[in-house]
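Visitor: I'm new to this one and would like a close look at a single part of it. Could you put it up for us to see?

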Amino acid sequence: MRDTLVLNASFEPLSTVTLNRAVVLVLQDKAVVEQAHPELRMRGAEVDIPAPRVIRLCRYVRVPFRRQAPWSRRGVLVRDRHRCAYCGRRATTVDHVVPRSQGGQDTWLNTVASCAEDNHRKANRTPEQAGMPLLRQPFEPTPADAMLLALGAEEFAALPDWLVREAA
């Protein structure tokens with residue numbers, strides 16, 4: 001199922017919802033379509049609307065301040081776009097830069113996406129000890145960036161420039 005990005009009335013990213021949920025919000029006049037899929041349409045007995053890619057809520061929703069995005073293995077893979085930090089091939093696992101046995105934690109700055117081969121080759125060592133330099137340094141995404149990156153490459157590429165300028 002395709003995900004639709006939901007923006008607050010102030011144009012800040014709030015969450016993603018399923019395509020069906022986005023259509024319901026638009027039909028209930030709780031949201032307006034900011035960007036639609038060019039080739040997809042939602043049709044019903046009395047309805048024919050473009051399938052929404054980005055919707056904006058009509059009323060502002062107050063959201064508690066979140067200082068950082070919660071860490072997850074999936075989040076690390078998405079942040080690194082499923083590319084190994086050591087060789088650049090497709091990544092399927094998450095590697096700790098400083099291994100947990102040496103005091104490393106599950107944090108954004110200590111984990112990178114890795115292919116299984118490089119994760120096994122690096123084993124229980126730091127990249128310096130293993131002679132495996134990182135191609136990219138890990139970083140901590142903002143909550144909004146993490147949400148935008150989670151949309152997927154083709155969905156992310158289709159978003160308007162004003163929305164993704166910082167997340168890229």
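Visitor: Let's zoom in on D29: in which loop is D29 found? Please start there, and then walk me through whatever else helps me find my way around.

Guide: Happy to, and keep in mind that this is a predicted model. D29 is found in the loop that runs between α1, residues 19-27, and β3, residues 31-43. With a relative accessible area of 63%, D29 is exposed. Have a look at L57 as well: D29 and L57 are 28 residues apart along the chain, and their C-alpha atoms are separated by 8.9 Å.

Now step back to see where that loop belongs. The chain has 7 helices and 6 strands, and reading along the sequence gives the pattern β-β-α-β-β-α-β-β-α-α-α-α-α. Of the 168 residues in the chain, 41% are buried. If you take contacts between residues at least 6 apart in sequence, 58% of them join residues at least 24 apart.

From D29, follow the chain into β3. This strand pairs with β4, residues 48-57, in the antiparallel sense, over 8 bridges. β3 and β4 form a hairpin, and 4 residues sit between them. To see the pairing up close, find M42, which stands opposite I49 in β4.

There is another hairpin earlier in the chain. Strand β1 (residues 3-7) and strand β2 (residues 13-18) pair in the antiparallel sense too, over 5 bridges. Here L7 stands opposite P13 in β2. This hairpin has 5 residues between its strands, and F11 has its place in that loop between β1 and β2. F11 is worth a pause: it is not a glycine, yet it has a positive phi of about 70°. With a relative accessible area of 36%, F11 is partly exposed.

A123 does something along those lines further on. It has a positive phi of about 55° although it is not a glycine either. You'll find A123 in the loop between α3 (116-122) and α4 (127-130), and at 46% relative accessibility A123 counts as partly exposed.

Let's go inside next. The largest nonpolar core has 9 residues in all: C84, A85, Y86, V97, V112, C115, A130, M132 and L134. Apart from it lies another core, this one of 8 residues, among them V6, L25, A31 and I55. Back in the largest core, try clicking on M132. Leaving aside neighbours within four places in sequence, M132 is in contact with Y86, D118, R121, K122 and P127.

S114 is another good stop. Its place is in strand β6, residues 111-114, and at 0% relative accessibility S114 counts as buried. Setting aside neighbours within four places in sequence, S114 is in contact with C84, Y86, A91, T92, T93, D95 and N119. You can also check S114 against D80: these two are 34 residues apart along the chain, and their C-alpha atoms are separated by 9.2 Å.

C84 came up among those contacts of S114, and you may wonder about its sulfur. The count of disulfides comes to 0. C84 is in no disulfide, and the nearest cysteine sulfur, that of C87, is 3.7 Å away. Seen from the other side, the sulfur of C87 is 3.7 Å from the closest cysteine sulfur, in C84, so the two are too far apart for a bond. The surroundings of these cysteines are worth a glance as well: C84 counts as buried, at 0% relative accessibility, whereas C87 is partly exposed, with a relative accessible area of 34%.

One last thing, about rings. The count of aromatic pairs comes to 0. Still, find F139 and look at what sits over its ring: the charged end of R79, 5.5 Å from the ring centre.

To get back to where you began, return to the loop between α1 and β3, where D29 is found. From there you can pick up β3 again and trace the hairpin that β3 forms with β4.

Terms used: Residues are numbered from 1 along each chain as its sequence is written. This is a predicted model: local features need pLDDT of at least 70, side-chain atom pairs count only at pLDDT 80 or more; totals for chains, interfaces and linings use all residues. Side-chain values use heavy atoms; hydrogens and water are left out. A disulfide is a pair of cysteine sulfur atoms within 2.5 Å. Buried means under 20% relative accessible area, exposed over 50%, partly exposed in between (1.4 Å probe, protein chains only). A nonpolar core is a set of buried Ala, Val, Leu, Ile, Met, Phe, Trp, Tyr and Cys residues joined through side-chain atoms within 4.5 Å. Contact means heavy atoms within 4.5 Å. Rings of Phe, Tyr and Trp (its six-membered ring) pair if their centres lie within 6.5 Å; planes under 30 degrees apart count as stacked, over 60 as edge-to-face and the rest as tilted. A charge sits over a ring if NZ of Lys or CZ of Arg is within 6 Å of the ring centre and within 35 degrees of the ring normal. Two strands pair if DSSP finds at least two bridges between them. Helices (H or I, at least four residues) and strands (E, at least two) are DSSP runs, numbered from the N terminus.
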